[in-house]
Structure formats: C-alpha cells, structure tokens
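The paragraphs below walk through one chain, from a single loop residue to a helix and then to the chain as a whole. Please keep the sequence and the coordinates open alongside.

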Amino acid sequence: MWTLQNGDLFSTIPSDLSDSMHELSIAMSIIDLVEEESERRGGAAVFAVHLKLGPLSGVVKEALISAWDLAREETVCSESKLVIQEIPITIYCTTCLAENPVESIQSLCCAACGTPSPRVITGRELEVTGLEIGG
Ligand SMILES: [Zn+2]
C-alpha cells in the first residue's frame, strides 16, 4: 500500500517554482480583487491592471509578471496585462531637510549627503492603482 503524503507533493515542486510562490500568491490576491471589481460591473472584461511597485515591497517585478501569466489563466484577467509602475525609494533626510533619493537599496543613505535615514517616504508600494475594464 502506497500513500502520497503532503511532504511528497511539496518535494516534487522544483525549487525555482517554490521561490516564486510569494509572487504567485500576490498575483492571485490581485486577481481576487479585480474579479470583485469586474463582478460589480456585471462581469466586464479586464484589459489591464495597473500596479505601483516599490523595491522595498519584497516583490520582484520579473517574478510577479511570470506569476501573473500563470495565475490569470481562466480568470477574468485572462486577457489582461499587468502594467507595473516602478516607484523609486526616497527617504526624508534630516541633514538636507528634504525628501531625497537613496544611494542604494542596501544602505538607505541620502544620495545628496550620505546620511543614513530610517524615514522611508516611498519605495514600499504594492498597490493596484487602476483597471482598464470593458463594458
Ligand atoms: Zn541628505
């Protein structure tokens, strides 16, 4: 008698796929949201979904796009593009007294004067900003 355990199932998932599980679950929750909106409009087709994405959101753009292509199959989003607007990181610098870009994602130091700042203004975005929806 041979039974399939959950563990056996998961061990068959290639590692490159399990690495993108995070993005896949995000893509699926975006589709849930879009489906609700489409239903509210009587099941209208969705042509594009616009998304703001910051580097500090923990989501990799390329991984999210390939997850999107998987997740949208046979949903209201099957014909829709994911349009990603990348948001740069800016911090509030207490030396310059201004919102400035950073030297690098790793350091979060002011690009103008080099002061490290914990006050992130933009760069954490992961939000749906608009839908192109048909009648
Ligand atoms: Zn500065």
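Val59 counts as partly exposed because 19 C-beta neighbours lie inside 10 Å. The cut-offs behind that term are as follows: a residue is buried if 20 or more other C-beta atoms lie within 10 Å of its own, exposed if 12 or fewer, and partly exposed in between, with C-beta atoms placed from the backbone. This is a predicted model, in which local features need pLDDT of at least 70 and side-chain atom pairs count only at pLDDT 80 or more, while totals for chains, interfaces and linings use all residues. Residues are numbered from 1 along each chain as its sequence is written.

Val59 sits in the loop that joins strand E1 (46-53) to helix H4 (61-71). Helices (H or I, at least four residues) and strands (E, at least two) are DSSP runs, numbered from the N terminus. Setting aside neighbours within four places in sequence, Val59 has contacts with Glu23, Ile26, Leu53, Leu64 and Leu126; a contact requires C-beta atoms, placed from the backbone, to lie within 7 Å. His22 is 37 residues away from Val59 along the chain, and their C-alpha atoms are separated by 7.9 Å.

Helix H4 follows that loop. Its buried residues are Leu64, Ala67, Trp68 and Ala71. They fall on the same side of H4, because the arc they cover around the axis is only 110°, the arc being that of the directions from the helix axis to the C-beta atoms. Behind this is a general rule: an α-helix has 3.6 residues a turn, so residues three or four places apart point the same way. Glu62 and Asp69 are exposed on the other side of H4. Helix H3 (21-40) and strand E2 (81-86) are among the elements that cover the buried residues of H4.

Two leucines stand out by their backbone angles. Leu97 has a positive phi of about 50° without being a glycine, and its place is the loop between strand E3 (90-93) and strand E4 (98-101). Leu97 is exposed, since 8 other C-beta atoms lie within 10 Å. Leu108, also not a glycine, has a positive phi of about 50° and belongs to the loop between E4 and strand E5 (120-122). With 17 other C-beta atoms within 10 Å, Leu108 is partly exposed.

Over the whole chain there are four helices and six strands, in the order α-α-α-β-α-β-β-β-β-β from the N terminus. Of the 135 residues, 21% are buried. Among contacts with a separation of 6 or more, 68% join residues 24 or more positions apart.

How values were computed
Contact = placed C-beta atoms within 7 Å.
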